[in-house]
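Trainee: I should be grateful for a close look at a single part of this chain, the loop residues with unusual backbone geometry, and for an account of the rest of the chain around them. Please proceed in whatever order is clearest.

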Amino acid sequence: MVVHGKPAKMRVSLRVSKGRYPRMPLTDARIRSTKPEAKPVKLADGGGLYLEVRPSGKKLWRYRYRIVDKENLFAIGEYPEISLAEARAEHDKARGLVKQGLHPSHARQADRLSTQLANANTFEAVATEWITKKAGRWTPYYRRQVENFLGADVFPHVGKLPIRSVTAAHLLDIVRRIEDRGASTVALLVRQWSSAIFRYAVATLRAESDPAAALRGAIHRPKVKHRKPLTKGQIKDFIAALENYGGYRTTVIALRLILLTFVRTGELRKALWAEFELENAEWRIPAERMKMREPHIVPLSKQAVTLLRELQTYTGGRGMLFPNYRRPKDCMTPTTLNRALERMGFNGKDSIGFSAHGFRATASTLLNEMGYRSDVIERQLAHAERDKVRASYNQAEYMVERKAMMQEWSDLVDLLALGEKKERMQDAA
């Protein structure tokens, strides 16, 4: 057969010489042996993938493709950092994108942005944001507690990880470390806080689920040891010990006041003179200093007002009722009252284990025995009321009963003190 005067065999050789048939794939040996020339050299691997050897000696992987009849070039990377096998794998992924009409470079930019966002949204970053959002409803003490425990027990292990990559296994390891050191209560709190952080991350589209939820039941909840309230006899002993206490008079007044008002120790220690209306016999504690973040009214008995007027002679010229003697700008420390109780024999190793917080249980127990309604007692203790409308109603509705109750409670304490004095006088006689 003759084509344009030439044999068919000659036609085949011409096609080969013009490069219309596929070239052989690249090998590592060929790549290494190719030396740079005065102009860039292109070593094709097939499917648009080639290696460009530049005069400088750099060897760069490139992928040439077309989308909407327009030629484009995708830079895969540099050899040998990107091996031949890795370049082919990237080429296969890029070809798949091109078939969908997507530019590989655009997909790479999106992946990089996603990685940057993940790195910015670390567990610690999201946790810090969550704390800032919630702190307005927390007491300063509770916020410090959250920050300190997360900072000491959680952030060192997963704080720098993107929150999406933190797993239940990570969290289980953390809470078990805490539990193993005997701090089961802290372990429970850390699990609860971690769960709240993940729920916040889900709500702000930075996580898909809450892995901490899977850890419910994984921590042994320690049995709560409730302090026993003082009996009437122990109240008599306490009053006798208080009268003989050799410490500061302000500490004695603080212990008498907490017995008569049965407020939380922090509410008493941080009390300000501006909160008191002695003429109306009321103490109005603002919401920001209350555990439940609601304002609280404490009706003051005659005995409490007398103590407060005496206290005014010591600290009335200052903002706080109980300033710290070493640091006048701060209030009395949390340990002051319990240390006083310890010296009086009510707290410590060889004692009944009574703390300043126990005055609340003492008042609650005896007032219930005296026949006061539990709703009135609970309201005066400033315990949480689930129904907010009912809580507001109760605060006004129970005030008359609360005033009478607080006065009768103080009168009972006086009777117990008087009985104790009579017994001492009889013993002396």
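Mentor: In this predicted model, D69 has a relative accessibility of 72%, and because residues over 50% are classed as exposed, D69 counts as exposed. The residue sits in the loop between strand 5, residues 59-67, and strand 6. Its backbone deserves attention: phi of D69 is positive, at about 60 degrees, although the residue is not a glycine.

Strand 6 covers residues 70-79, and the loop between strand 6 and helix 3 (84-99) holds P80. Here the backbone has another feature to inspect, since the peptide bond from Y79 to P80 is cis, with omega near 10 degrees.

A positive phi is also found at L205, with a value near 65 degrees in a residue other than glycine. L205 belongs to the loop between helix 8, residues 184-203, and helix 9, residues 232-243. With a relative accessibility of 68%, L205 counts as exposed.

G47 offers a further loop position to examine, between strand 3 (41-46) and strand 4 (49-53). Its relative accessibility is 43%, so G47 counts as partly exposed. Leaving aside residues up to four places away in sequence, G47 touches Y63, H91 and R95. Y63 falls within strand 5, which spans 59-67, while H91 and R95 fall within helix 3, which spans 84-99. R88 is 41 residues from G47 along the chain, and the C-alpha atoms of the two are separated by 9.9 Å.

From the loops one may turn to the packing of helices. Helix 6 (residues 140-158) and helix 7 (residues 168-180) have axes that come within 10 Å and cross at roughly 145 degrees. The crossing of helix 6 with helix 7 is right-handed. On the side of helix 6, the contact is made by D153, V154, H157 and V158, and on the side of helix 7 by H170, I174, R177 and I178. By character, the residues of this contact divide into four nonpolar, two polar and two charged.

A second pair is formed by helix 10 (residues 249-261) and helix 12 (residues 302-315), whose axes come within 10 Å and cross at roughly 155 degrees. These two helices are therefore roughly antiparallel to each other, and their crossing is left-handed. Helix 10 contributes R249, T250, I253, R256, L257 and L260, which meet Q303, A304, L307, L308, E310, L311, Y314 and T315 of helix 12. Eight nonpolar, three polar and three charged residues make up this contact.

These details may be placed in the setting of the whole chain. The chain has 17 helices and nine strands. Of its 429 residues, 40% are buried. Among contacts between residues at least 6 apart in sequence, 56% join residues at least 24 apart. The chain exposes about 25,300 Å², of which carbon and sulfur atoms supply 53%.

To return to the part requested, the backbone features to inspect in the model are the positive phi of D69, the cis peptide bond from Y79 to P80 and the positive phi of L205.

Key:
Residues are numbered from 1 along each chain as its sequence is written. This is a predicted model: local features need pLDDT of at least 70, side-chain atom pairs count only at pLDDT 80 or more; totals for chains, interfaces and linings use all residues. Side-chain values use heavy atoms; hydrogens and water are left out. Helices (H or I, at least four residues) and strands (E, at least two) are DSSP runs, numbered from the N terminus. Buried means under 20% relative accessible area, exposed over 50%, partly exposed in between (1.4 Å probe, protein chains only). Contact means heavy atoms within 4.5 Å. Axes are lines fitted to C-alpha atoms, for helices over the stretch in contact, and angles run from 0 to 180 degrees between N-to-C directions. Angles under 35 degrees count as roughly parallel, over 145 as roughly antiparallel, 65 to 115 as roughly perpendicular and the rest as oblique. A crossing is left-handed if the near helix is turned anticlockwise from the far one by less than a right angle, and right-handed if clockwise. Ala, Val, Leu, Ile, Met, Phe, Trp, Tyr, Cys and Pro count as nonpolar, Asp, Glu, Lys and Arg as charged, and the others, Gly among them, as polar. Accessible areas come from the Shrake-Rupley method with a 1.4 Å probe; for residues, only the protein chains shown count as cover.
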